[in-house]
Structure formats: structure tokens, C-alpha cells
Amino acid sequence: RNPLIWGILFSGRACCQADCDDGGEMCIIRTGQAELVARFFMSYISNGLYQAIILYTLPAFLAQSGTVTAFMLNAFAATFICDLDNLSSGRRYTLFDDGCEDDTSST
């Protein structure tokens, strides 16, 4: 859904700041190519395909509502489900530079 994040992750130079508000520590993200591709396709399916299915079937679903209250309840429930995974996480992804710490050296 956000091509900037996927571009940063696929570049292999991704850096994550855990607590953006507190000025948290930056660390380099090490992720394999197969895992990134799998996560990209799962993200596309959940954010693109499922959302499109809900959007296109919503009029037929809402037409079956018997009362105005049921219609409103169903409409708000569908909106809530579509926006559920778009909550902010408090993480910020950037391309790494000298400010990032490599966390693989501690193992």
C-alpha cells in the first residue's frame, strides 16, 4: 500500500526507528529476499485484493439490511474492517546512514 516503505525495504538499506516520538534508537533491518517477496504479496492481497472484494460486494451486502439501523451498523462495520490494519505503529523506516547501528554484531 505504501510503495516508499517497500522501496526502502527492497533496497537492502532499511533502517528502523522504534519510538519516533521519543527519538528512539535506529537499527538496521536485515531481511531475506524470499521473506520480503512473501510479505509484499501478502500485503498486496490483504490491502489490495481483499479491500477490493469488500468494496465491490458492499452494495449488495448493504442492500440486504432490513432497517436503517442495520444499514448504518453494517456500513460502519465494513469501514472499520477496511481501516483496521492502517493503524500507526510508532515506527519510522528510512534508508540507513551513519546514524544507524548494526544489531547483527551482538550475536
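**Two helices, a loop and a one-sided helix**

In this predicted model, glutamine 64 sits in the loop that lies between α2 and α3. That spot leaves glutamine 64 exposed, with a relative accessible area of 67%, and anything over 50% counts as exposed. Glutamine 64 can also be set against asparagine 74: the two are 10 residues apart in sequence, and their C-alpha atoms are 10.0 Å apart in space.

Now for the helices on either side of that loop. Helix α2 covers residues 33–63 and helix α3 covers residues 68–83. Their axes are 11 Å apart, and the packing angle is about 180°. Since angles over 145 degrees count as roughly antiparallel, α2 and α3 are therefore roughly antiparallel to each other. On the α2 side, the contact is made by Gln51, Ile54, Leu58, Phe61 and Leu62. Helix α3 brings in Phe71, Asn74, Ala75, Ala78, Ile81 and Cys82. Sorted by class, this contact of α2 with α3 has 9 nonpolar residues and 2 polar ones, with no charged residues.

Helix α1, made of residues 3–11, has its own pattern: its buried residues are Trp6, Ile8 and Leu9. These cover an arc of only 160° around the axis, so they end up on the same side of α1. Pro3 and Leu4, over on the other side of α1, are exposed. As a bit of background, an α-helix has 3.6 residues a turn, so residues three or four places apart point the same way. Just after α1 comes glycine 12, which takes a positive phi of about 85°.

Terms used: Residues are numbered from 1 along each chain as its sequence is written. This is a predicted model: local features need pLDDT of at least 70, side-chain atom pairs count only at pLDDT 80 or more; totals for chains, interfaces and linings use all residues. Side-chain values use heavy atoms; hydrogens and water are left out. Axes are lines fitted to C-alpha atoms, for helices over the stretch in contact, and angles run from 0 to 180 degrees between N-to-C directions. Helices (H or I, at least four residues) and strands (E, at least two) are DSSP runs, numbered from the N terminus. Angles under 35 degrees count as roughly parallel, over 145 as roughly antiparallel, 65 to 115 as roughly perpendicular and the rest as oblique. Contact means heavy atoms within 4.5 Å. Ala, Val, Leu, Ile, Met, Phe, Trp, Tyr, Cys and Pro count as nonpolar, Asp, Glu, Lys and Arg as charged, and the others, Gly among them, as polar. Buried means under 20% relative accessible area, exposed over 50%, partly exposed in between (1.4 Å probe, protein chains only). The arc is that of the directions from the helix axis to the C-beta atoms.
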